Amino acid sequence: MQRSQKRRTSNMANRLYYQPPIQDVESYCLPQFRSLDGEVCYSNSSRSQGGAQVLAKNSFHLYSTLESSPANENCNMYISPSTVSFSPSGSPISQQDSHSYLPDQRNSPENTYGSPISGSCITDDMSDWKYKLKELESAMLGPDLSIQDSYDTDFQRLANNSSNEIESWGQIMEPIFKRDVKQVLICCAEAVSDNNLLVAERLMDELRQMVSVSGEPIQRLGAYMLEGLVAKFAFSGSNICKSLKCKEPASSELLSYMHILYELCPYFKFGYMSANGAIAEAMKDENRVHIIDFQIGQGSQWITLIQAFAARPGGPPHIRITGIDDSVSAYARGGGLSIVGKKLSRFAETFKVPFEFHSVAKSGSEVQLADLVVLPDEGLAVNFAFMLHHMPDESVSTQNHRDRLLRLVKSLSPKVVTLVEQESTTNTAAFFPRFVETLDYYAAMFESIDVTLPRHHKEHKERINVEQHCLAREVVNIIACEGTERVERHELLGKWKSRFKMAGFTPYPLSTLVNATIKTLLENYCNKYKLEERDGALYLGWMNRYLVTSSAWN
């Protein structure tokens, strides 16, 4: 019996990982999306649980929605044009297994964006339903152990060893039957976490029929969550991100997508406005103001602050900004920090504000005290807006740049330090709780985007590009990567408070004027956004989920 089961399992694995002959490299794209079908070079490390030595070689190219490119010349990735196509819903499918399914009659011409209408994709008829039951039953209990056969051959074995599997099997089938994308994603993540090869593969196949980059919010997010699951399942260690190097759009396009996201959601405006308000309050009596921005990006945050200082009674102060940034933002800008300096200088000149700009073209983890020239007659403000979560902490590196930067800044004796961060906990969490947290967080963000820019909107394709290039990569990085390769490492405000206090900072309460300004901003958006002031900090959320926090320190 055991030999037969091993033999059948081996045959199933061979069918799962059959690699078709490699053909010429071509690209098949739904606008801005590519499905990869071909051979990928993976690491040789084996799985620690279940003795599974075979990696899911075909998983990545079957479900890939992000544009990917080879990590290096030793890791070749091919696209096989004869085996890749797209479903009407925008979900990548493989022709080698699509013949097993009936044509999708639920995506009519009227269903323009591919959102499935009522009905189950796996219950077109009773025989198909029974086939699915048998397939998942085999994955859960083993190919030689069906429920009926178990009672006939070994009742005691079933009673003692299979009750948990049967219960889990039922829990998996219910959300599939209901087309509950969120719950199926969670079940799949649990299978990946447990290294349950067969169940994970079956659920990924079901998810491929349920998600869509152009569907409802959970379907769109689900497409990128599935991308992360496949990458996590098919790779190991540091090879994950190297194999998920995504093709960047042109810098002008990326900048446009970032601007659209900025306008769609109030999260970034909330963060920048609250930080600016704290800085303006702290510097109201200073004649010379020095702002160190650890991730200046386009420099747009400082436009409104320069205007505010220009209108200050008694005249504006002299403003000096030190802009720190790395090559990622340089690409989006289409050039170095000099572009930011020239733009801000011209703007300050228009408002007759004395201004100078100092650039530090480095990642935050590379910044040293010598890079930050602070003069004794300046009032110093330091800005950490959506930046510190990219710094590795003690769980990643003994250098602990996250706390090192805070101690370095404290040594400069700033009048105010502003912190804006996502209210999420993904830094040190294990894979499965990290997956659930990411699903919950980004589900709220995708829902809020859907309200601002509905799916029938004429700029629907732009919204897809925004989500793909500005949000999806964050999602995949959080889910699929570990160690130094995982750069998206969010922490809750409570943890940030502990870090700031250990570095010697004390809270600097935001003024009531700042709070009133933020409330006025939110009036231009949906009433499902909520703002709360708590312990001197501001929380911005969507319905019942807080998404961004803003606080100040000195």
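Helices and strands are here the runs that DSSP assigns, numbered from the N terminus, and they are the elements named in the following views of a predicted model.

**View 1. Helix 13 lies across several strands of the sheet.** Helix 13, made of residues 267-282, lies across strand 5 (288-293), strand 8, strand 9 (416-422), strand 10, strand 11 and strand 12, and runs at about 15° to strand 12. Helix 14, residues 301-310, also packs on the sheet, where it touches strand 5, strand 6 (318-324), strand 7 and strand 8, and its direction makes about 170° with that of strand 5.

**View 2. Eight strands form an open sheet with mixed pairing.** Read across the sheet, the order of the strands is 7-6-5-8-9-12-11-10. Strand 7 (355-360) and strand 10 (529-534) stand at the edges, and because each has a single partner strand, one side of each is left without a neighbour in the sheet. On average, and with direction ignored, neighbouring strands of this sheet are turned by 15° against each other. In general, the strands of a sheet pair through backbone hydrogen bonds, either parallel or antiparallel. Strand 10 and strand 11 run antiparallel and are joined by six bridges, and Tyr529 stands opposite Trp542 in strand 11.

**View 3. The largest nonpolar core has 92 residues.** The residues with the most contacts inside this core are Met204, Leu229, Tyr267, Phe435 and Tyr442, while helix 18 (residues 431-452) gives the most to the core, with ten residues. A second, separate core has 28 residues, including Val367, Val417, Ala537 and Tyr546. In soluble globular proteins, nonpolar side chains tend to be buried together.

**View 4. Tyr267 is in contact with residues distant from it in sequence.** When its neighbours within four places in sequence are left aside, Tyr267 is in contact with Phe386, Ala444, Met445, Ser448, Tyr529, Leu540, Trp542, Leu547 and Val548.

**View 5. Phe431 and Phe435 form a tilted aromatic pair.** The ring centres are 6.2 Å apart, with 50° between the planes. Because Phe431 and Phe435 are four residues apart in helix 18, they are separated by about one helical turn, and both of them are buried.

**View 6. Two residues other than glycine have a positive phi, Phe386 and Met543.** Phe386, with a phi of about 50°, is found in the loop between strand 8 (379-385) and helix 17 (401-410). Since residues under 20% relative accessible area count as buried, Phe386 is buried, at 9% relative accessibility. Phe386 also forms one aromatic cluster with Tyr262, Phe268 and Tyr272. Met543, with a phi near 55°, has its place in the loop between strand 11 (537-542) and strand 12 (545-553), and at 38% relative accessibility Met543 counts as partly exposed.

**View 7. Lys410 lies over the face of Phe505, and Arg534 has its charged end over the ring of Tyr539.** In the pair formed by Lys410 and Phe505, the distance from the ring centre is 5.1 Å. In the other pair, the charged end of Arg534 is 4.1 Å from the centre of the Tyr539 ring.

Notes
Residues are numbered from 1 along each chain as its sequence is written. This is a predicted model: local features need pLDDT of at least 70, side-chain atom pairs count only at pLDDT 80 or more; totals for chains, interfaces and linings use all residues. Side-chain values use heavy atoms; hydrogens and water are left out. Helices (H or I, at least four residues) and strands (E, at least two) are DSSP runs, numbered from the N terminus. Buried means under 20% relative accessible area, exposed over 50%, partly exposed in between (1.4 Å probe, protein chains only). A nonpolar core is a set of buried Ala, Val, Leu, Ile, Met, Phe, Trp, Tyr and Cys residues joined through side-chain atoms within 4.5 Å. Contact means heavy atoms within 4.5 Å. Two strands pair if DSSP finds at least two bridges between them. Axes are lines fitted to C-alpha atoms, for helices over the stretch in contact, and angles run from 0 to 180 degrees between N-to-C directions. Rings of Phe, Tyr and Trp (its six-membered ring) pair if their centres lie within 6.5 Å; planes under 30 degrees apart count as stacked, over 60 as edge-to-face and the rest as tilted. A charge sits over a ring if NZ of Lys or CZ of Arg is within 6 Å of the ring centre and within 35 degrees of the ring normal.
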